[in-house]
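Reader: I should like a close look at a single part of this model, with attention to its charged side chains and to the residues around them. Please set that part within the fold as a whole before turning to the details.

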Amino acid sequence: LEACYAGAPVLVLVAGTATSRLLPGAFQDAPVVEVARPLTKWAVRVPDGAGLAAVLESAVARATAVPRGPVLVEVPDDLQAGAHDPTSAPGGIGLED
């Protein structure tokens, strides 16, 4: 809320339920992206490993673009546990720089 009203460029990374377990009424699951939308410039769930780098790049660009503000990226558990390397994707974000 503070970042929203202050115009602070904040990138919030949130752990999300694995895609395979994402069912209506799933145990301990909440619609994080929908809840965050009114308080962020952009809230999105990463669809798959191939889209991770593009989503992160877009999130940083949106957070730092005028007017600045917070963005939220939900990364499903199954992507966190995988061996995806966003620096090797086409148009990767260059984390090693």
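**The salt bridge and its setting**

Author: Among the contacts in the protein with a separation of 6 or more, 74% are between residues 24 or more positions apart. The model is a predicted one. It comprises four helices and three strands, and along the sequence these follow the pattern α-β-α-β-α-β-α. The protein has 97 residues, of which 33% count as buried. Its accessible surface amounts to about 6100 Å², and carbon and sulfur atoms contribute 61% of that area.

Against this background, the part to examine is the charged pair. In general, side chains of opposite charge can pair when their charged atoms come close. How many salt bridges does the structure hold? The count comes to one salt bridge. It joins the side chains of Arg-45 and Glu-74, with 3.5 Å from N to O. Because the cut-off for such a pair is 4 Å, the N to O distance of 3.5 Å between Arg-45 and Glu-74 satisfies the rule. The two partners come from distant parts of the chain, 29 residues apart: Arg-45 belongs to strand S2 (residues 42-45), and Glu-74 to strand S3.

Glu-74 deserves a fuller description. The strand that carries it, S3, spans residues 71-76. Is Glu-74 buried or exposed? Its relative accessibility is 6%, and Glu-74 therefore counts as buried, since the limit for burial is under 20%. Beyond its neighbours within four places in sequence, Glu-74 is in contact with Val-14, Gly-16, Thr-17, Val-32, Val-33, Val-44, Arg-45 and Val-46. The salt-bridge partner, Arg-45, is thus one of the residues that Glu-74 contacts. Another of them, Val-33, lies 41 residues from Glu-74 along the chain, yet their C-alpha atoms are separated by 7.1 Å.

Thr-17, also among the contacts of Glu-74, offers a second view of the same place. This residue sits in the loop that runs between strand S1 (11-16) and helix H2 (32-36). Thr-17 has a relative accessible area of 13% and so is buried. With residues up to four places away in sequence set aside, Thr-17 touches Leu-22, Asp-29, Arg-45, Glu-74, Pro-76 and Asp-77. Both partners of the salt bridge, Arg-45 and Glu-74, therefore appear among the residues that Thr-17 touches.

Another arginine is placed differently with respect to its surroundings: Arg-62 lies over the face of Trp-42, at 4.0 Å from the ring centre. Trp-42 itself falls within the residues 42-45 of strand S2, the strand that holds Arg-45. As for rings paired with other rings, the structure contains zero aromatic pairs.

For contrast with the buried Glu-74, one may consider Tyr-5 in helix H1, which spans residues 2-6. Tyr-5 has a relative accessibility of 69% and hence counts as exposed, because the limit for that class is over 50%. Together with Leu-1 and Leu-39, Tyr-5 makes up a nonpolar patch on the surface, whose combined accessible area is about 380 Å². Tyr-5 and Pro-70 are 65 residues apart along the chain, and their C-alpha atoms are separated by 9.5 Å.

Notes:
Residues are numbered from 1 along each chain as its sequence is written. This is a predicted model: local features need pLDDT of at least 70, side-chain atom pairs count only at pLDDT 80 or more; totals for chains, interfaces and linings use all residues. Side-chain values use heavy atoms; hydrogens and water are left out. Rings of Phe, Tyr and Trp (its six-membered ring) pair if their centres lie within 6.5 Å; planes under 30 degrees apart count as stacked, over 60 as edge-to-face and the rest as tilted. A charge sits over a ring if NZ of Lys or CZ of Arg is within 6 Å of the ring centre and within 35 degrees of the ring normal. Patches are made of residues with over 30% relative accessible area and no salt bridge: like charges are joined within 9 Å, nonpolar side chains (Val, Leu, Ile, Met, Phe, Trp, Tyr) within 5 Å. Accessible areas come from the Shrake-Rupley method with a 1.4 Å probe; for residues, only the protein chains shown count as cover. Helices (H or I, at least four residues) and strands (E, at least two) are DSSP runs, numbered from the N terminus. Buried means under 20% relative accessible area, exposed over 50%, partly exposed in between (1.4 Å probe, protein chains only). Contact means heavy atoms within 4.5 Å.
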